[in-house]
Amino acid sequence: MTDFAMQTDAEGVATITWDAAGRSMNVLTLEAAAELNRLVDQALGDEAVKGIVITSGKPDFAAGMDLNVLAGLKQGGARAVFDGVMSLHHLLRKIERAGMDPKTLKGGKPIAAALPGTALGIGLELPLACHRIFAADNPKAKIGLPEIQVGIFPGAGGTTRLSRKLGAMMAAPLLLEGKLNDPQKARAAGVVDEVAEDPVAAAKAWVLQAKDADLVKPWDAKGWKMPGGAPYHPAGFMTFVGASAMVSGRTMGVYPAAKALLSAVYEGALVDFDTALKIEARWFTWVLMNPSSGAMIRSLFINKEALEKGANRPDVPDQKVRKLGILGAGMMGAGIAYVSANAGIEVVLIDSAQEAAERGKAYSTGLLDKGISRKKVTEAKKAEVLGRITATTDYAALEGCDLIVEAVFEDPGVKAEVTKKAEAVIPQDAIFATNTSTLPISDLARASTRPEQFIGIHFFSPVDKMLLVEIIKGRETGERAVAKALDFVRQIRKTPIVVNDARFFYANRCIIPYLNEGIRMVGEGVSPALIENAARMMGMPLGPLQLVDETSVDLAVKIAKATKAAMGDAYAGNDVDPVIFRLADEGRLGRKSKAGFYAYDEAGKRQGLWEGLGANWPRAEEQPDLTEVQQRLMFAQTLEAVRALEEGVLTDIREGDVGAILGWGFAPWTGGPFSWLDMMGAARAVGIAEALAARHGERFAPPKLLRDMAERGGSFYGEAASRAAA
Ligand code: NAI
């Protein structure tokens with residue numbers, strides 16, 4: 001394997017070029033690290049070499065560690081993880097010391113990093129160990145340490161080096177939020193040292209003139225003090241106390257990585273650099289061995305990427321969309337037009353009145369203008385994107401569209417009418433998709449003359465922010481339609497899941513029981529603050545009552561009425577409806593009416609739970625304990641996900657997990673409902689569900705699928721892996 005190559009020029013500068021074979025982006029494997037180690041040894045030992053430049057043979061520097069390698073290390077247990085991490089520390093520390101005498105700090109060889117583009121994770125930790133970092137002036141490049149977003153933290157010295165380079169306060173957003181910067185901003189933040197037209201040339205020039213003192217890192221110099229103060233310094237004390245409170249407040253204590261990161265910085269700041277690295281390695285090992293990090297890496301990285309790359313795509317030739325027709329330029333249509341035009345797709349945006357179509361297009365103008373004011377979008381880019389959107393009432397403009405997304409009113413009659421009108425114009429082989437959120441795809445397909453080319457593509461609101469798209473197969477939907485939908489979702493860079501047609505599909509099906517359980521508890525007299533906090537403390541981004549306010553109380557009423565009409569005696573919401581119906585009757589429709597479960601000020605800012613809740617639904621004298629409330633809220637969603645799998649709505653647990661986190665924010669630290677069940681064990685889950693069912697009703701009865709799994713002693717991922725192997 002050859003990931004690194006070295007060449008020494010006439011002036012004695014050895015350039016080590018990272019160019020991972022067979023990959024479009026460099027990611028570090030253990031073998032590649034060993035290779036780099038050999039080359040560094042060779043260069044440091046070669047008298048002819050005066051200095052070293054480390055760069056990339058690709059447009060970007062590196063995307064980070066190969067997370068599959070981390071997953072592999074984890075299989076070997078804590079010792080293997082710790083040893084693996086320490087071997088990286090030794091390599092990077094060797095680069096940092098560069099052969100200098102540890103006492104006199106003289107005689108080392110200068111080593112500079114030259115980054116042509118993006119440098120993430122270990123792709124920045126390696127440069128941070130070099131003596132100077134040069135980045136190309138490439139505004140598309142992203143520089144940073146995003147590890148925290150997949151449930152780990154920078155464990156190859158990035159945590160220790162960055163916090164010592166910038167101080168804990170300045171390093172906090174980069175480490176704790178995984179904030180990425182372009183090269184100019186990274187320089188302003190002190191992460192890279194110089195932005196250069198030609199970073200390799202600049203790095204070489206620097207290497208040739210660097211003095212001994214230029215190679216000594218501040219933390220290796222005598223009398224070094226942590227910028228902004230170490231923990232027992234008065235200013236440092238304030239920083240660490242504040243950071244600790246902030247981390248606890250934001251993560252509610254459920255994200256082990258944030259806490260471990262902070263501990264590594266805090267404890268590391270009290271000792272010398274090499275001991276700090278060991279502490280960092282210990283905390284990293286602890287985090288990696290925690291089931292939460294494994295589940296997060298699996299869902300938010302490995303499986304998310306697999307789904308984006310088409311893990312469940314039928315074997316059909318490329319179906320990339322060239323011209324997209326959107327019917328209905330309301331909230332959803334306008335958002336879909338924006339993300340599609342932004343991805344380079346030509347869009348025809350149709351509404352029944354020209355004014356409405358224009359308003360839909362103006363939504364893109366608004367978002368692009370916001371981008372311009374934030375310097376993320378240029379005027380030229382704005383013109384280009386808007387130039388791709390034709391706003392019209394004329395169905396003839398749909399000629400040549402290879403995909404239609406229908407987003408008109410949620411009314412089968414209106415939808416049938418526009419389906420017929422569009423099909424009269426579009427090519428015979430075009431695919432027709434509906435964005436309906438509640439109507440069965442198979443029923444809507446009856447309006448189509450080509451039901452095998454009819455499919456559901458269900459977006460979430462706001463379209464430009466929400467990452468998940470649900471693709472729904474109707475009874476007659478064919479493979480090409482599925483491939484088309486997947487290729488479209490890939491073009492607009494979102495994450496797809498493919499599900500079968502059933503009431504509320506997957507995401508809404510699971511989120512509704514969560515909302516209902518929260519509302520039901522209000523009716524029972526459970527303290528609303530307990531309900532909301534219980535949810536947040538389980539890692540849900542919003543409590544159920546806040547989420548109802550956000551999505552609106554009248555929508556909840558509408559869905560309740562429609563569901564009851566459709567389900568008759570089987571309807572399970574009779575104890576939920578009185579609460580939301582009364583709120584709706586009082587005009588408390590949620591955030592949009594500045595009144596709901598919460599109170600809002602004139603400007604629409606949430607003030608706190610509405611005091612009137614207590615008068616309408618008096619507090620029960622005896623309140624349930626926190627765990628009970630949490631179990632009700634979490635099992636309401638999780639058991640529904642299991643039922644969706646049992647009924648064949650979901651066919652792949654990876655989609656169930658990724659879809660849950662991206663679609664409705666299911667506690668990301670769990671890795672999703674199926675990962676969470678595996679973490680707790682099926683037998684324990686069945687026990688909890690049975691106890692909940694006995695106290696609160698049959699809706700908590702454990703599905704057969706889960707009971708069988710408990711009896712077998714199996715797990716969702718364990719069994720999926722053996723199926724895949726077989
Ligand atoms: P909206 O009411 O904002 O927009 C609907 C648009 O369709 C309006 O601009 C209307 O003038 C237009 N329209 C109505 N009849 C038409 C016709 N015959 N020809 C052309 N245009 C026509 O509704 P919204 O929220 O955008 O929803 C649209 C669809 O998306 C619905 O099926 C809804 O269930 C679904 N959906 C909505 C979500 C949401 O959060 N609002 C989320 C996911 C799906």
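Which element gives the most to the shell around the ligand? In this predicted model, the answer is helix α16, which contributes three residues to that shell. Helix α16 spans residues 412-423, and it belongs to a list of elements that give two or more residues to the shell, the others being α13 (331-342) and β16 (454-459).

The surroundings of the ligand comprise 21 residues, of which Met332, Asp351, Glu410, Lys415 and Ser437 come nearest. By character, the residues of this shell divide into ten nonpolar, eight polar and three charged. Several polar approaches to the ligand can be followed in the model. The side chain of Glu410 places an N or O atom 2.5 Å from an oxygen atom of the ligand, while a polar side-chain atom of Lys415 lies 2.7 Å from a ligand oxygen atom. At Met331 it is the backbone that takes part, with an N or O atom 3.0 Å from an oxygen atom of the ligand. Taken alone, the ligand would expose 830 Å², and the protein buries 77% of that area.

Elsewhere in the chain, the reader may turn to a pair of helices, α25 (residues 626-646) and α29 (residues 704-712), which pack at an angle of about 95° with their axes 8 Å apart. Because angles of 65 to 115 degrees count as roughly perpendicular, α25 is described as roughly perpendicular to α29. On the side of α25, the contact is made by Leu639, Val642, Leu645 and Glu646, and on the side of α29 by Lys704, Leu705 and Leu706. The residues of this contact divide into five nonpolar, no polar and two charged.

How values were computed. Residues numbered from 1 in each chain as written. Predicted model: local features only at pLDDT ≥ 70, side-chain atom pairs only at ≥ 80, totals over all residues. Heavy atoms only, no water. Axes fitted to C-alpha atoms, helices over the stretch in contact; angles between N-to-C directions. Helix = DSSP H or I, 4+ residues; strand = E, 2+ residues; numbered from the N terminus. Parallel < 35°, antiparallel > 145°, perpendicular 65-115°, else oblique. Contact = heavy atoms within 4.5 Å. Nonpolar A, V, L, I, M, F, W, Y, C, P; charged D, E, K, R; others polar. Near = heavy atom within 4 Å. Polar contact = N/O pair within 3.5 Å; in protein donor to acceptor, adjacent residues only side chain to side chain. Areas by Shrake-Rupley, 256 points an atom, 1.4 Å probe, with all protein chains shown as cover.
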